[in-house]
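Thanks for sharing this one. Here are my notes, set out as numbered points so that you can follow them with the structure open.

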Amino acid sequence: PTPPVVSESAASPAIADDKFLFNQFLSGHTRMFERMLETRSLSYSNGPVPVPNNDQYLLENVQSICICDTDEWVKKGEVLLFWQVKPLVHVYQLSEEGPCEELGGDGQHSSFNEWALPAKEFDGMWESLIFESGLKERLLRYAASALLFSEKGVNPFLVSWNRIILLHGPPGTGKTSLCKALAQKLSIRFSSRYPQSQLIEVNAHSLFSKWFSESGKLVAKLFQSIQEMVEDESNLVFVLIDEVESLAAARNAALSGSEPSDSIRVVNALLTQLDKLKSSPNVIIMTTSNITAAIDIAFVDRADIKAYVGPPTLQARYEILRSCVQELLRSGILKKFQDKPLDILTFPSLKEKLLSSEMQEAGASLTLSRQLLEVAEACDGLSGRSLRKLPFLTHAATAHTFNCDPSKFLCTMIDTAKRECSER
Ligand code: ADP
């Protein structure tokens with residue numbers, strides 16, 4: 001009865017370079033998908049759906065179909081059929097252009113990157129990020145409300161809000177990835193209002209590390225191009241500033257005289273430009289910081305969402321590792337059980353099984369799941385980044401190269417996890 005489900009699907013290839021024709025092509029697909037989904041009695045669960053092989057047109061034009069965000073609506077164990085819900089379909093084509101880099105003053109490191117969204121590089125990133133606390137959903141809802149308020153022209157003097165997000169926490173916990181994935185998601189969801197979107201990633205640290213006088217020019221150039229993008233109302237622009245604390249550090253260093261006085265002008269120019277940008281309705285500013293103490297920059301102070309992203313909890317660690325092991329099973333690095341693909345239990349169903357009597361009839365998948373839980377317990381304190389490296393390090397430590405026994409692999413993984421923790 002309520003329209004709950006959002007589904008996404010990727011279309012390829014483009015039939016014309018012309019943006020108008022392409023958008024028509026996409027909206028035609030959207031209607032077709034809606035009809036297709038309504039007539040099919042598939043049950044909803046998050047994840048990819050096979051492209052129906054009895055439809056030649058879809059087979060030729062569609063790369064993948066993915067259903068997402070059903071969690072809120074599908075209660076545990078309950079199956080919703082397509083006719084019970086009204087899916088929201090977003091058809092999109094991924095940009096394969098790659099980042100467009102601008103070199104920094106030293107000619108070596110790029111100080112900002114620019115992507116046309118949705119980009120191929122960020123495909124699947126949102127799904128791969130696991131946080132226990134509903135952080136992803138909160139950010140998505142927040143950003144969607146902010147864009148809606150802008151679009152509907154809500155008077156900011158009467159109702160105030162802004163489009164600044166600050167994610168802070170220890171390194172490697174997925175802050176930068178989350179910002180990029182969020183930008184990708186929003187570019188897809190708001191594509192009918194904003195047919196084009198870009199992500200500009202500014203690495204604050206590299207911008208201020210060397211050659212301050214050059215940085216001044218860079219900042220000017222950067223904001224000039226951002227301003228041009230923003231002026232086009234059909235553009236949605238995301239500005240991501242990584243390691244935003246280095247702006248405050250650079251300014252303080254300049255004030256105390258340990259940096260050339262030029263730097264203060266650069267930092268101030270950047271902050272003023274950001275302040276100006278903030279008032280444009282089609283810009284979202286995302287910032288990340290590795291320090292959790294207050295950052296002494298006014299514009300960050302005004303962030304509507306300041307979310308702490310901490311090290312993954314036991315459940316998140318388990319789920320991150322589960323996705324790793326499943327990938328190793330899919331690719332054949334780990335051996336399938338009696339030639340059948342093994343399913344590793346999700347954290348909630350493992351907990352349930354461990355509490356119930358079903359535990360007696362321990363099948364292969366339950367045994368593996370319990371071993372994986374041991375690994376997750378041994379990884380207390382490791383960041384998401386270290387967890388995603390763990391299966392590789394484990395493989396490098398084993399004698400086998402291919403078709404490894406999953407159970408033995410997980411045993412080695414416990415040792416590798418303990419070693420990683422002790423070497424931190
Ligand atoms: P940060 O910006 O906090 O330093 P990154 O976004 O650079 O962290 O994260 C690095 C990588 O670590 C990500 O690409 C991702 O593969 C992995 N990772 C970190 N946190 C998580 C998480 N919560 N869930 C899944 N993967 C994660």
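**Notes on the model**

1. Let me start with Asn403, which is partly exposed because its relative accessible area is 39%. Keep in mind throughout that this is a predicted model. Asn403 belongs to the loop between H14 and H15. Its phi is near 55 degrees, a positive value in a residue other than glycine.

2. Glu243 is another residue to look at for its backbone: phi is near 50 degrees, again positive in a residue other than glycine. You will find Glu243 in the loop between strand E9 (235–242) and helix H8 (245–255). With a relative accessible area of 27%, Glu243 counts as partly exposed.

3. Please also check the peptide bond from Leu117 to Pro118, which is cis, with omega near -10 degrees. Pro118 sits in the loop between strand E6 (110–117) and helix H3 (125–128). As background to these backbone points, most residues other than glycine have a negative phi, and most peptide bonds are trans.

4. Now to the ligand. Which residues come nearest to the ligand? Of the 15 around it, they are Ile130, Gly172, Lys175, Thr176 and Ser177. By class, the shell around the ligand divides into five nonpolar, seven polar and three charged residues.

5. Three polar distances are worth displaying. Ile130 places a backbone N or O atom 2.8 Å from a nitrogen atom of the ligand. For Gly172, a backbone N or O atom lies 2.7 Å from an oxygen atom of the ligand. Lys175 uses its side chain instead, with a polar atom 2.7 Å from an oxygen atom of the ligand. The ligand taken alone exposes 570 Å², and the protein buries 83% of that. Helix H5 (175–189) and helix H14 (384–397) are the elements that give two or more residues to the shell around the ligand.

6. On aromatic pairs, a search of the whole structure finds three. One of them joins Phe149 and Trp161, whose ring centres are 5.3 Å apart; the planes meet at 70 degrees, so the pair is edge-to-face. Phe149 lies in helix H4 (residues 135–151) and Trp161 in the loop between H4 and strand E7 (164–168), so the contact ties together parts that are twelve residues apart in sequence. Are these two rings buried or exposed? Phe149 is partly exposed at 31% relative accessibility, whereas Trp161 is buried at 18%, because buried means under 20%.

7. The pair of Tyr318 and Phe347 is also edge-to-face, because the planes of the rings are at 65 degrees, with the centres 5.5 Å apart. This pair links distant parts of the chain, 29 residues apart: Tyr318 is in helix H11 (residues 314–331) and Phe347 in helix H12 (residues 347–355). Tyr318 is buried, at 0% relative accessibility, and Phe347 is buried too, with a relative accessible area of 8%.

8. One charge-over-ring arrangement deserves a look: the charged end of Arg193 sits over the ring of Tyr194, 4.3 Å from its centre.

9. Finally, Arg424 is in the segment after helix H15 (406–422). With a relative accessible area of 65%, Arg424 is exposed. Its C-alpha atom is separated by 9.3 Å from that of Gly381, and the two residues are 43 residues apart along the chain.

Definitions and conventions: Residues are numbered from 1 along each chain as its sequence is written. This is a predicted model: local features need pLDDT of at least 70, side-chain atom pairs count only at pLDDT 80 or more; totals for chains, interfaces and linings use all residues. Side-chain values use heavy atoms; hydrogens and water are left out. A residue is near a molecule or strand if one of its heavy atoms lies within 4 Å of it. A polar contact is a pair of N or O atoms within 3.5 Å; within protein, one must be able to donate a hydrogen and the other to accept it, and residues adjacent in sequence count only if both atoms are side-chain atoms. Accessible areas come from the Shrake-Rupley method with a 1.4 Å probe; for residues, only the protein chains shown count as cover. Helices (H or I, at least four residues) and strands (E, at least two) are DSSP runs, numbered from the N terminus. Ala, Val, Leu, Ile, Met, Phe, Trp, Tyr, Cys and Pro count as nonpolar, Asp, Glu, Lys and Arg as charged, and the others, Gly among them, as polar. Rings of Phe, Tyr and Trp (its six-membered ring) pair if their centres lie within 6.5 Å; planes under 30 degrees apart count as stacked, over 60 as edge-to-face and the rest as tilted. Buried means under 20% relative accessible area, exposed over 50%, partly exposed in between (1.4 Å probe, protein chains only). A charge sits over a ring if NZ of Lys or CZ of Arg is within 6 Å of the ring centre and within 35 degrees of the ring normal.
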